[in-house]
Amino acid sequence: ALSLASRLGAQASALHAATRLVQFQHEYGNAENRHKLNEIYDWFSEGHDTPDLRAAADVLARFS
């Protein structure tokens, strides 16, 4: 989902997929996609009060 959303330029979908992927990977001791989530999160200049951006910020803060 993350690859497809990124290729299509669907930033909101990519953000959601990356957030879930990082959460999943963290449960198994892997943080390889945290940098990708951070890149996608940084792309957004507004709307930081939306559920997906708040969730991404929480994941980035928790797993950094």
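In this predicted model, Gln-11 is in contact with Ile-40, Trp-43 and Phe-44, leaving aside its neighbours within four places in sequence. Gln-11 belongs to helix α2, and two of the residues named, Ile-40 and Trp-43, also appear on the α3 side of the contact between α2 and α3. The points below describe Gln-11, the packing of α2 on α3, the two sides of α3, and the packing of α3 on α4.

**Gln-11**
- Gln-11 has a relative accessibility of 16% and therefore counts as buried, the cut-off being under 20% relative accessible area.
- Gln-11 is one of the α2 residues that meet α3.

**Packing of α2 on α3**
- Helix α2 spans residues 11-27 and helix α3 spans residues 34-43; their axes come within 9 Å and cross at roughly 150 degrees.
- Because of this angle, α2 is roughly antiparallel to α3, a description that applies to angles over 145 degrees.
- The crossing in which α2 passes α3 is left-handed.
- From α2, the residues Gln-11, Ala-14, Leu-15, Ala-18, Thr-19 and Val-22 take part, and they meet Arg-34, Leu-37, Ile-40, Tyr-41 and Trp-43 of α3.
- By class, the residues of this contact comprise eight nonpolar, two polar and one charged.

**The two sides of α3**
- Leu-37, Ile-40 and Tyr-41 are the buried residues of α3.
- These three lie on the same side of α3, because the arc they cover around the axis is only 100 degrees.
- The cover over the buried residues of α3 includes α1 (2-8), α2 and α4 (51-62).
- Asp-42 and Trp-43 are exposed and sit on the face of α3 turned away from its buried side.
- Trp-43, although exposed, is among the α3 residues that α2 meets, and Trp-43 is in contact with Gln-11.

**Packing of α3 on α4**
- The axes of α3 and α4 are 10 Å apart, and the two helices pack at an angle of about 140 degrees.
- This angle makes α3 oblique to α4.
- α3 and α4 cross in a left-handed sense.
- On the α3 side the contact is made by Arg-34, Leu-37, Asn-38 and Tyr-41, and on the α4 side by Leu-53, Ala-56, Ala-57, Val-59 and Leu-60.
- The residues of the contact of α3 with α4 fall into seven nonpolar, one polar and one charged.
- Arg-34, Leu-37 and Tyr-41 of α3 take part both in the contact with α2 and in the contact with α4.

Terms used: Residues are numbered from 1 along each chain as its sequence is written. This is a predicted model: local features need pLDDT of at least 70, side-chain atom pairs count only at pLDDT 80 or more; totals for chains, interfaces and linings use all residues. Side-chain values use heavy atoms; hydrogens and water are left out. Axes are lines fitted to C-alpha atoms, for helices over the stretch in contact, and angles run from 0 to 180 degrees between N-to-C directions. Helices (H or I, at least four residues) and strands (E, at least two) are DSSP runs, numbered from the N terminus. Angles under 35 degrees count as roughly parallel, over 145 as roughly antiparallel, 65 to 115 as roughly perpendicular and the rest as oblique. A crossing is left-handed if the near helix is turned anticlockwise from the far one by less than a right angle, and right-handed if clockwise. Contact means heavy atoms within 4.5 Å. Ala, Val, Leu, Ile, Met, Phe, Trp, Tyr, Cys and Pro count as nonpolar, Asp, Glu, Lys and Arg as charged, and the others, Gly among them, as polar. Buried means under 20% relative accessible area, exposed over 50%, partly exposed in between (1.4 Å probe, protein chains only). The arc is that of the directions from the helix axis to the C-beta atoms.
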